[in-house]
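Visitor: I would like a close look at one single part of this model, followed outward into its surroundings. Please take whichever helix shows best how a segment is fitted into the fold.

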Amino acid sequence: MDAVNVMIREKPVVIFSKSSCCMSHSVESLIRGFGANLTVYELDRITNGQQIERALLQLGFRQNLPAVFIGQQLVGNERQVMSLHVQNQLVPLLIQAGAIWMWNK
């Protein structure tokens, strides 16, 4: 659990994924499409990937990857992210987390 906390600390958006997961790539593309600053950890490509997966389980994440954190809070997987997007709640959450900036012209 400490490993996950260290990885998400001071980062507005963190996605834990696997390199072969198309849903992970879709969520990443969606969030990047808003110009968001995000960090992606592909657990099958980092040395402590299995340890991170166990830590995610300890945090209560019992779904398939991706595991998406916004503002250091676990949002969930692609379903929860897409649900936030459809409800027009994703962008405000990204703004609140400091991942994107909005200004009036």
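Guide: Contact means heavy atoms within 4.5 Å of each other. By that criterion, among contacts in the protein chain between residues at least 6 apart in sequence, 61% join residues at least 24 apart. The model is a predicted one, in which local features need pLDDT of at least 70 and side-chain atom pairs count only at pLDDT 80 or more, whereas totals for chains, interfaces and linings use all residues. Residues are numbered from 1 along each chain as its sequence is written, and side-chain values use heavy atoms, with hydrogens and water left out.

The setting comes before the detail. Five helices and four strands make up the secondary structure of the protein chain; helices are DSSP runs of H or I of at least four residues, strands are runs of E of at least two, and both are numbered from the N terminus. Read from the N terminus, the order of elements is α-β-α-β-α-β-β-α-α. With a radius of gyration of 13 Å, close to the 13 Å that the globule rule gives for 105 residues, the protein chain is as compact as a globular protein of that length; the radius is taken over C-alpha atoms, and the rule is 2.2 Å times the number of residues to the power 0.38. The C-alpha trace spans about 45 × 25 × 20 Å along its principal axes. Of the 105 residues in the protein chain, 41% are buried, a term for under 20% relative accessible area, with exposed for over 50% and partly exposed in between (1.4 Å probe, protein chains only).

The part chosen for the close look is helix α3, which covers residues 49-58. Its buried residues are G49, I52, A55 and L56. Seen down the axis of α3, these buried residues fall within an arc of 115°, so they line one face of the helix; the arc is that of the directions from the helix axis to the C-beta atoms. On the other side of α3, Q50, R54 and Q58 are exposed. The buried residues have three packing partners: helix α1 (2-8), strand β1 (13-17) and strand β3 (67-70).

The segment that follows α3 has its own backbone features. G60, just after the helix, takes a positive phi of about 100°. Further on, L65 and P66 are joined by a cis peptide bond, with omega about 15°; P66 is found in the loop between α3 and β3. As background, most residues other than glycine have a negative phi, and most peptide bonds are trans.

The residues of that cis bond lead back to β1, one of the partners of α3. S17 belongs to strand β1 and is buried, with a relative accessible area of 2%. Leaving aside neighbours within four places in sequence, S17 is in contact with both L65 and P66, and also with S24, V40, Y41, E42, L43 and D44. E42, in turn, has its place in strand β2 (residues 39-42). E42 is buried at 17% relative accessible area, and, not counting residues up to four places away in sequence, E42 touches S17, K18, S19 and H25.

Helix α1, another partner of α3, is followed by a loop that leads to β1, and E10 is found in this loop. The phi of E10 is near 65°, a positive value in a residue other than glycine. At 73% relative accessibility, E10 counts as exposed.

Strand β3 links the view to a second helix, for the buried residues of α4 pack against β3 as well as α2, β4 (73-76) and α5. In α4, E78, V81 and L84 are buried. Viewed down the axis of α4, the buried residues fall within an arc of 125°, so they line one face of this helix, while R79 and V86 are exposed on the other side. Between α4 (78-86) and α5 (90-97) runs a loop that holds N88. N88 has a positive phi of about 60° although it is not a glycine, and N88 is exposed, with a relative accessible area of 64%.

Helix α2 (residues 22-33), one of the partners of α4, includes C22. C22 is exposed, at a relative accessible area of 54%. The C-alpha atoms of C22 and V91 are separated by 22 Å, and these two residues are 69 residues apart along the chain.
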